Amino acid sequence: MKKTLLIALCAAFCLALCGCDEGNNTSDNMNSSSSQNAEGPSGPAGGSDGDETLSVKEKTDKLLAEVKFPSMIEVEADELNTLLGIDKDDVSEFAAYTCPSGAAPDEFGIFVAKDAEAAARIKDALDKRVQSQYNTFESYTPGAMYRFDDDFVEVNGTTVIYAICDNNETAKEILK
């Protein structure tokens, strides 16, 4: 009985470690809020250096195509608070992805806040999330710490972007 339990636990551990493979397997089902155009009263969401004509969904798709990520899953609206500490009432549109097994720190998101105060709250929540991920992976997977070298959380108007990945510079340019 003990041997069987030990084997089952070892198998589960191996599966958890393999959960974030190096493929780019993402869900084709975007959150309904992220499939809308990112344009608001002041124009498309984004920063001055990025492609402001792309919607939130288009920016997300471009990022997933151009940057190497482990297997990623989409964060749903009802998971925003649990996973990222963001109140879904602060967000009018978003797209966010994380590594489902937690074996890699990779994640990113673009959030269009309802107003400037909501954008500030989202930024604060994401700053805490990035710090929490850093603290977790510092002792858990030291080999993944290079992904934090140029991670970012930035606000431009009411749009908040963040990423932790192999190529944060490219991620920032795409999400702006």
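In the predicted model, the side chains of E107 and R129 are joined by a salt bridge, with an N to O distance of 2.7 Å. This pair links distant parts of the chain, since E107 belongs to strand β3 and R129 to helix α4, 22 residues apart. E107 has a relative accessibility of 1% and therefore counts as buried. R129, at 18% relative accessibility, also falls under the 20% limit and so counts as buried.

A salt bridge is likewise formed between D90 and R121, whose closest N and O atoms lie 2.7 Å apart. Here the connection runs from the loop between α3 and β2, which holds D90, to helix α4, which holds R121; the two residues are 31 residues apart, and distant parts of the chain are again linked. The two partners differ in their exposure: D90 is classed as buried, with a relative accessibility of 10%, whereas R121 is classed as partly exposed, with 44%.

A further salt bridge pairs D106 with R147, the closest N and O atoms being separated by 3.2 Å. Because D106 is located in the loop between β2 and β3 and R147 in the loop between α4 and β4 (152-156), this contact ties together parts that are 41 residues apart in sequence. Both D106 and R147 are buried. The two residues also take part, together with D166, in a network of salt bridges. In the structure as a whole, seven salt bridges are found.

The loop between α4 and β4 also contains M145. With a relative accessible area of 13%, M145 is buried. The C-alpha atoms of M145 and Q133 are 9.9 Å apart in space, while the two residues are twelve residues apart in sequence.

The elements named above belong to a protein chain with five helices and five strands. Their order along the sequence is α-α-β-α-β-β-α-β-β-α. The protein chain comprises 176 residues, of which 43% count as buried.

In soluble globular proteins, nonpolar side chains tend to be buried together. In the present model, the largest nonpolar core consists of 22 residues, and those with the most contacts inside it are L80, L84, I86, F111, I122 and L126. Two or more residues of this core are supplied by each of α3 (80-84), β2 (91-98), β3 (107-113), α4 (116-140) and β5 (159-164). Helix α4 gives the largest share, namely seven residues. Another core, of 20 residues, lies apart from the largest one and includes V67, A95, A104 and C165. Helix α4 thus contributes to the largest core and also carries R129, the salt-bridge partner of E107 in strand β3, as well as R121, the partner of D90.

On the surface, a patch of negative charge is formed by D149, D150, E169 and E173. Within this patch, E169 is situated in helix α5, which spans residues 168-175. The relative accessible area of E169 is 60%; as this is over 50%, the residue is classed as exposed. E169 in the surface patch thereby contrasts with D106, an acidic residue that is buried and paired with R147 in a salt bridge.

Methods:
Residues are numbered from 1 along each chain as its sequence is written. This is a predicted model: local features need pLDDT of at least 70, side-chain atom pairs count only at pLDDT 80 or more; totals for chains, interfaces and linings use all residues. Side-chain values use heavy atoms; hydrogens and water are left out. Patches are made of residues with over 30% relative accessible area and no salt bridge: like charges are joined within 9 Å, nonpolar side chains (Val, Leu, Ile, Met, Phe, Trp, Tyr) within 5 Å. Accessible areas come from the Shrake-Rupley method with a 1.4 Å probe; for residues, only the protein chains shown count as cover. A salt bridge is a side-chain nitrogen of Lys or Arg within 4 Å of a carboxyl oxygen of Asp or Glu. Lys and Arg count as positive and Asp and Glu as negative; His and the chain ends are not counted. The place of a charge is taken as NZ of Lys, CZ of Arg, CG of Asp or CD of Glu. Helices (H or I, at least four residues) and strands (E, at least two) are DSSP runs, numbered from the N terminus. Buried means under 20% relative accessible area, exposed over 50%, partly exposed in between (1.4 Å probe, protein chains only). A nonpolar core is a set of buried Ala, Val, Leu, Ile, Met, Phe, Trp, Tyr and Cys residues joined through side-chain atoms within 4.5 Å.
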